[in-house]
Amino acid sequence: MATVIQNYCDLKVFLKPYFRVMALLGIHYSPDESTPVETFAVGTSKRTKMLRWKKIAYKAYQLIVLLLIWLHVLRYTVCLFIAKPIISKSSVYRLCVFCYCLHASITTTVILWMFSKADGFDTFIDQWNDVSKKAASLGCKQEVIGKQVRRTTRVLLFAMVIVNCTGGVGFLINTKDGNELIKATLAPFGYSLVGLTYGLYILQSILWACSLSFFAVVTKCLSLQFKLVSQEITGLVNTASSFPGKILQFTRLHLKMCDLVDLLNQYYKYILASTFLLNIIVLLCVGYSVIKSALMNLSLILMMATISVHGIYNLVSLSLLSANLHEQVHKPLPSLYKLRGQNANLEDVLEVNLFIAKLQESSVGITAMDILLVKNGTLLTLFGVFLTYLFVVIQFSL
């Protein structure tokens, strides 16, 4: 649950479980959260030197993790071209696994990049705390954020565990040497490194689950904060008989929160773009296999079903969370249109009008490489493209 300290939502305390898991996985490191060395170090210079070496050692660990997951991607890239025959019943499966591994690697790399930059997530945390304190002082109940985010986190993690466990079962079924699925999975390293293959797959699955759930939690927190501010703005407009001077405090707070969205979008846009592109490819491949009846193996059927559910889950969850954020950002607009201007000076009215113009631009939100702004209709558009492709394949198959 998000921790409310001194009447504000301390997001850093709330995300501490994620930080601990990410530290084990080689994604996140902060000297402030590490075990203090003051208890056994003598002198400032020695303490600084130990912290420096500890940071260098962890940086090396991060590079090793990144190297492993990208070598895993390279292995599947090789599988696409050296498998014999190159075109077989498992070709679509190999492409799907490649997309899955590439998506997990891109997501992990972007999250690591966000944590490593000086103006990255640490800056976001500092600005978030300032916004939360200001929102609490204006009457926004910060404890609501913790309750709702905790519920969302449980649902997301439960779904991720189910998807990954089902995929693991697909690997374990019918593992005989003649199994075409296992050949496609382990090539080109062969059966001598089965344990390494499973280990890398599990590592990427955990990294994928942790990175995307982190994306979801932070996005949900922002959406709830915007919702609280929007409710206060709506309440002021509906109850005031003249221009409410307090509304300027909420509009300025809202603009600061928009800056937080822009800061996150610098990194999230890569995650969202890879999610859309790679998972759409996966769903198109699965649809093609079903129509062409290429799924003849029990393991292959189970794994393709798991990958398709995985792709749908990625698209739906991230699209809905990003679309909800966009909706909450622009939710004050209908109320502001009804704002009365009695007893208001020109500067205050001009400031509110500039705020309305800012929201009308519709550019505040999470995008895919600054090309596609995720809104409520984005998910329907993506599935419309998928269904159109399926109908075309069906017509050529008749």
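Colleague: Why is Phe214 called buried?

Modeller: This is a predicted model, and in it Phe214 has 0% relative accessibility. Buried means under 20%, so Phe214 counts as buried.

Colleague: What makes Phe115 count as buried or exposed?

Modeller: The relative accessibility of Phe115 is 11%. That value is set against the limit of under 20% for buried, so Phe115 counts as buried.

Colleague: How do you know which kind of aromatic pair Phe115 and Phe214 form?

Modeller: A search of the whole structure finds 13 aromatic pairs. In the pair of Phe115 and Phe214, the ring centres are 5.5 Å apart and the planes stand at 65 degrees. Rings pair if their centres lie within 6.5 Å, and planes over 60 degrees apart count as edge-to-face. The pair is therefore edge-to-face.

Colleague: Why do you say that this pair ties parts together?

Modeller: Phe115 belongs to helix α4, residues 91-116, and Phe214 to helix α8, so the pair ties together parts that are 99 residues apart in sequence. Both residues also belong to one aromatic cluster, formed by Phe19, Phe115, Phe121, Phe124 and Phe214.

Colleague: Where does Val110 lie, and what makes it buried or exposed?

Modeller: Val110 is in helix α4. Its relative accessibility is 8%, and buried means under 20%, so Val110 counts as buried. The C-alpha atoms of Val110 and Ile27 are separated by 9.8 Å, while the two residues are 83 residues apart along the chain.

Colleague: What is known about Gly120?

Modeller: Gly120 sits in the loop between α4 and α5, the latter covering 121-137. With a relative accessible area of 2%, against a limit of under 20%, Gly120 is buried. From C-alpha to C-alpha, Gly120 and Tyr267 are 8.7 Å apart in space, and they are 147 residues apart in sequence.

Colleague: Why is Gln231 called partly exposed?

Modeller: Its relative accessible area is 47%. Buried means under 20% and exposed means over 50%, with partly exposed in between, so Gln231 is partly exposed. Gln231 is placed in helix α8. Between the C-alpha atoms of Gln231 and Pro332 the separation is 7.9 Å, with their positions 101 residues apart along the chain.

Colleague: What stands out about the phi angle of Met369?

Modeller: Met369 is not a glycine, although its phi is positive, at about 60 degrees. Met369 lies in the loop between β3 (367-368) and β4 (372-373). The relative accessible area of Met369 is 37%; a value between 20% and 50% is partly exposed, so that is the class of Met369. Asp370 lies in the loop between β3 and β4 as well. Asp370 is not a glycine either, and it has a positive phi of about 60 degrees.

Colleague: How many disulfides does the search find?

Modeller: A search of the whole structure finds zero disulfides. A disulfide needs a pair of cysteine sulfur atoms within 2.5 Å.

Colleague: Why are Cys221 and Cys258 called buried?

Modeller: Cys221 has 0% relative accessibility, and Cys258 has 0%. The limit for buried is under 20%, so Cys221 counts as buried, and so does Cys258.

Colleague: How many cavities are there of 30 Å³ or more?

Modeller: The count is three. The second largest cavity has a volume of about 40 Å³. Elements giving two or more residues to its lining are α6 (143-172), α8 (194-239) and α10 (298-329). The largest share, five residues, comes from α10.

Colleague: What makes up the lining of the second largest cavity, by residue class?

Modeller: The lining divides into seven nonpolar residues, two polar and no charged. Among the lining residues are Leu156, Met160, Tyr313, Asn314 and Ser317. Met and Tyr count as nonpolar, so Met160 and Tyr313 are on the nonpolar side.

Colleague: Which stretches does the record annotate as transmembrane region?

Modeller: The unreviewed UniProt entry gives residues 60-86, 92-115, 155-173, 193-218, 270-291, 297-321 and 379-397. In the model, residues 92-115 are 100% helix and 0% strand, with the end C-alpha atoms 35 Å apart. Residues 270-291 are also 100% helix and 0% strand, and there the end C-alpha atoms are 32 Å apart.

How values were computed:
Residues are numbered from 1 along each chain as its sequence is written. This is a predicted model: local features need pLDDT of at least 70, side-chain atom pairs count only at pLDDT 80 or more; totals for chains, interfaces and linings use all residues. Side-chain values use heavy atoms; hydrogens and water are left out. UniProt positions are given in the numbering used here, feature names are shortened, and annotations may be inferred rather than shown by experiment. Helices (H or I, at least four residues) and strands (E, at least two) are DSSP runs, numbered from the N terminus. On a 1 Å grid over the protein atoms alone, a cavity is a set of points where a 1.4 Å probe fits but cannot get out, and a pocket is an open set with protein on both sides within 12 Å along at least five of seven lines; lining residues have an atom within 4 Å of a point. Grid points are joined across faces, edges and corners, and a volume is the space filled by probe spheres set on the points. Buried means under 20% relative accessible area, exposed over 50%, partly exposed in between (1.4 Å probe, protein chains only). Rings of Phe, Tyr and Trp (its six-membered ring) pair if their centres lie within 6.5 Å; planes under 30 degrees apart count as stacked, over 60 as edge-to-face and the rest as tilted.
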